[in-house]
Amino acid sequence: MEHNRVRTVVSRILLMGLPFAFYIFFWAYDGVVICADSETYIDMAYSREPLYPMFLALCRTIFGTQAYLKVAVLIQSVLAAEATLCITIYLKEKFDLSTFWTYAVMAMPMATSLLCRFAAGRASMYSNSVLTEGITISLYLFFIRYVLEYLEKGDRRSLFILSTIAILGISTRKQMYVMLIMIVVGIIYRCIFECKYAGSAYIHTAKVPNAEHGVKVDRKRCIFRCIYTLVVTVFAVTAISTLVDCTYNYVLRGQFGRHTEDNRFITTVAMYTAERDYVEYIEPEYRDVFLQIYDECEKEGYLLNSEPEGWYDAATHFADHYDLIQLDTMENMLQQYVENGQWDDDMPVLDRMDVIRKSFNKSLIPHEIGDCIHVFINNFFVGLVTTVATRTPILCVYTVAVYLIYVVLLIMCIVGIKDRNRKYKVTLVSAVTLISICINVGLVSAVIFAQTRYTIYNMPLFYIAMIIMISELINLRRGNDE
């Protein structure tokens, strides 16, 4: 008995300590990784969301200019370890996973980090990088863990935690609006789930409907409560994240407004799909600068009219020329145009550039819907690839195979598992993962190219869901054999 107790304690210590040992080892071994965008966060650039620059500034204030980046990356590494442990423990308890399957689940976030460190071109882990991904990837794992809890229970505590994580994520990186979309989807699901049984059955608060225990709920009140929850949550997350952004810029720059250059991503897509004769749609005062940008991009072969055949090559063409359009051409020309122009007000340069890009978007996008959809579809397929692998032709074949395997496993679980509660939990994990992939890839594909940096959030979750399904099917087979 004492031996088993000691063994259990050692097992728990090992389980708890492994992710921390892993990430802290690479923190000590690799140190701080400075990337192309790092300086904009360190310098608190006007175009960046507030939370990550504030995090770096706080570390700089407390630990000094010599050590603060090392400390910041240490905190990111601890956060990555905690996120890995959090989702592992949750799934272990939810599915009563054996030691083997528990470690298999835990290995997926760490394996994804190793892929970035040893197999990807960046040759470094995001937990070591001075990038927003250093914290948002970890936040996303926490987020999905509480999405699963909220979808199953529908309790206010889970929704509050989800909303808080979403505010932190959006304040760190605009891509994290995917969290708000997931919350909306989750609330709508809970509304359908609860209101379906309202009036005709008893709903046990925050649990699966139970006809024997619970409180009878009027359907109209249920619908009203769900709509109220949806509106209040969306408003609160949006308003608070906006207030954080505006307050940050007011304290730092004396301007109570949001950070700049959010619309440059859409403008890049609009410029990529534009034709020269679209200049007639542009406001007269901006036509000259539009033609300068367009002619330079067309001469260099950056635009859609130079796109090669085939979806893979077409998507690669867009990805390879995206930054060349946005940063090397459009950004420089707009800045020169604004700085050399005569304006009636004293609007800051970056704000003026935002105004011009907004005008471009309003003028061009309505005439480019078909081409934008074409670019979106190509990007979406690439995003599905980079979510589970690296973008290469051979791994596109692997991607098709692994998604098919995923769907087959899900169907087998739905058909084979007889216990309704267990079937529901397995289906929930698998479906949430697929929905999360589609939402994230869709959002990314609409405004930028689907490189791994933007789609890696769901890579560990995809393989974790597969592990859960495989473990359930093996347990099912063993049960049938017995």
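Q: Is arginine 357 buried or exposed?
A: In this predicted model, arginine 357 has a relative accessible area of 0%. The cut-off for a buried residue is under 20%, so arginine 357 is buried.

Q: Which residue meets the side chain of arginine 357 in a salt bridge?
A: Both partners lie in helix 12 (residues 349–364), three residues apart, about one turn of the helix. The N to O distance is 2.8 Å. The partner is buried, with a relative accessible area of 15%. The residue is aspartate 354.

Q: How many salt bridges does the count come to?
A: A pair counts when a side-chain nitrogen of Lys or Arg is within 4 Å of a carboxyl oxygen of Asp or Glu. By this rule the count comes to 18 salt bridges.

Q: Which residue forms a salt bridge with arginine 173?
A: The closest N and O atoms of the pair are 3.3 Å apart. The pair links distant parts of the chain, 40 residues apart: arginine 173 is in the loop between helix 6 (156–170) and helix 7 (177–197), and its partner is in helix 5 (residues 133–153). Both residues are buried. The partner is glutamate 133.

Q: Which residues are linked with Glu133 and Arg173 in a network of salt bridges?
A: Glu133 and Arg173 form a salt bridge with each other, and they belong to a network of such bridges. The other members are Asp37, Arg48 and Arg453.

Q: Which residue forms a salt bridge with arginine 258?
A: Arginine 258 lies in the loop between helix 8 (219–253) and helix 9 (264–272), and its partner lies in helix 8, 13 residues apart from it. At 33% relative accessibility, arginine 258 counts as partly exposed, whereas the partner, at 1%, counts as buried. The closest N and O atoms are 3.3 Å apart, and the partner is aspartate 245.

Q: How many disulfides does the count come to?
A: A disulfide requires a pair of cysteine sulfur atoms within 2.5 Å. For cysteine 438, the closest cysteine sulfur is in cysteine 396, and because the distance is 17 Å it is too far for a bond. Cysteine 438 is partly exposed, with a relative accessible area of 40%. By this rule the count of disulfides comes to zero.

Q: What is the phi of methionine 44?
A: Most residues other than glycine have a negative phi. Methionine 44 lies in the loop between helix 2 (38–42) and helix 3 (51–95), and it counts as buried at 16% relative accessibility. Although it is not a glycine, its phi is positive, at about 55°.

Q: Where is aspartate 96 found?
A: Phi of aspartate 96 is near 50°, a positive value in a residue other than glycine. Aspartate 96 is exposed, with a relative accessible area of 65%. Its place is the loop between helix 3 and helix 4 (99–119).

Q: Which helix gives the most to the nonpolar patch?
A: The patch on the surface is formed by Trp311, Ile369, Ile373, Ile377 and Phe381, with about 460 Å² of accessible area together. Tryptophan 311 lies in helix 11 (residues 311–340) and counts as partly exposed at 36% relative accessibility. Four residues come from the helix that gives the most, helix 13 (residues 369–388).

Key. Residues are numbered from 1 along each chain as its sequence is written. This is a predicted model: local features need pLDDT of at least 70, side-chain atom pairs count only at pLDDT 80 or more; totals for chains, interfaces and linings use all residues. Side-chain values use heavy atoms; hydrogens and water are left out. Patches are made of residues with over 30% relative accessible area and no salt bridge: like charges are joined within 9 Å, nonpolar side chains (Val, Leu, Ile, Met, Phe, Trp, Tyr) within 5 Å. Accessible areas come from the Shrake-Rupley method with a 1.4 Å probe; for residues, only the protein chains shown count as cover. Helices (H or I, at least four residues) and strands (E, at least two) are DSSP runs, numbered from the N terminus. Buried means under 20% relative accessible area, exposed over 50%, partly exposed in between (1.4 Å probe, protein chains only).
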